[in-house]
Amino acid sequence: MSIQLGDIAPDFTQESTQGTINFHEWMEGKWAILFSHPKDFTPVCTTELGEVAKLKNEFEKRNLKVIGLSVDSLEDHKNWSKDIEETSGQKLNYPMLADVDRKVATLYGMIHPNADNTLTVRSVFIIDNNKKVRLILTYPASTGRNFREILRTIDSLQLTDNYKVATPVNWEHGDDVIIVPSISDEQAKEMFPKGWDAKKPYLRYTKQPG
Ligand code: BEZ
């Protein structure tokens, strides 16, 4: 049975570049991004891992920790991290799981045999501070991910957890949002005192709260 949104993220203990990690303990009550890449010493992965290191401040602002994974060895991860630092100008500042026995990859369904029998695809799991899986992305090996888009989805998740709103197409932090349909106009008057623009009775735009 594959992992679905709303499930508790499966716990595991595995070796990493920052020592043995028990996932649930490591999260420390924060949000987490768990992401896999197909292989060490490959070009697309090299760009992705450098970019993730550069976004450390953005992750911290969102009370979030990041952890990477491939089925390569700890020694490979350590050697490769020198190349990542050299090419991106940024030291790896988050742990990389060395999932040689594929324990975590199997637990999280990161190996898609019809794409590749042994390597992990580019999976992303966003997990909230209650350890619930909130978003799952799966990219093929040949397509590098857009981590700015991943930050955008975290902004949407954290905003919509706190207010009775949803975020419309192409929404970016600061843009207008949509009042959720379960809120009546009566209730909305109290929750959104600045008002709203009703394009339809069920499509009510309001300023981003908070
Ligand atoms: C890459 O990261 O460049 C890559 C990895 C596996 C297959 C193709 C590309």
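**Exercise 1.** Let's start with the ligand shell in this predicted model: how do the residues of the shell around the ligand divide into nonpolar, polar and charged?

*Solution.* The shell divides into five nonpolar residues, one polar and one charged. To see who they are, look around the ligand: you will find Pro38, Thr42, Pro43, Val44, Cys45, Arg122 and Ala141. Next, look for the element that gives the largest share of this shell: H2 does, with three residues.

**Exercise 2.** Now find the short polar distances: which N or O atoms of threonine 42, proline 43 and cysteine 45 lie by an oxygen atom of the ligand, in the side chain or in the backbone?

*Solution.* Take the residues in turn.

- Threonine 42 uses its side chain, with an N or O atom 3.0 Å from a ligand oxygen.
- Proline 43 uses a backbone N or O atom, at 3.2 Å from an oxygen of the ligand.
- Cysteine 45 also has a backbone N or O atom by a ligand oxygen, here at 2.8 Å.

As a last step, consider cover: on its own the ligand has 260 Å² of accessible area, and the protein covers 74% of that.

**Exercise 3.** Let's move on to the helices: at what angle do H2 and H4 pack, and how far apart are their axes?

*Solution.* Helix H2 spans residues 43-54 and helix H4 residues 74-88. Their angle is about 70°, and their axes are 9 Å apart. Angles of 65 to 115 degrees count as roughly perpendicular, so H2 and H4 are roughly perpendicular to each other. On the H2 side, the contact is made by Cys45, Thr46, Leu49, Gly50 and Lys54; H4 brings Trp80, Ile84, Thr87 and Ser88. Sorted by kind, the residues of this contact are four nonpolar, four polar and one charged.

Key:
Residues are numbered from 1 along each chain as its sequence is written. This is a predicted model: local features need pLDDT of at least 70, side-chain atom pairs count only at pLDDT 80 or more; totals for chains, interfaces and linings use all residues. Side-chain values use heavy atoms; hydrogens and water are left out. Axes are lines fitted to C-alpha atoms, for helices over the stretch in contact, and angles run from 0 to 180 degrees between N-to-C directions. Helices (H or I, at least four residues) and strands (E, at least two) are DSSP runs, numbered from the N terminus. Angles under 35 degrees count as roughly parallel, over 145 as roughly antiparallel, 65 to 115 as roughly perpendicular and the rest as oblique. Contact means heavy atoms within 4.5 Å. Ala, Val, Leu, Ile, Met, Phe, Trp, Tyr, Cys and Pro count as nonpolar, Asp, Glu, Lys and Arg as charged, and the others, Gly among them, as polar. A residue is near a molecule or strand if one of its heavy atoms lies within 4 Å of it. A polar contact is a pair of N or O atoms within 3.5 Å; within protein, one must be able to donate a hydrogen and the other to accept it, and residues adjacent in sequence count only if both atoms are side-chain atoms. Accessible areas come from the Shrake-Rupley method with a 1.4 Å probe; for residues, only the protein chains shown count as cover.
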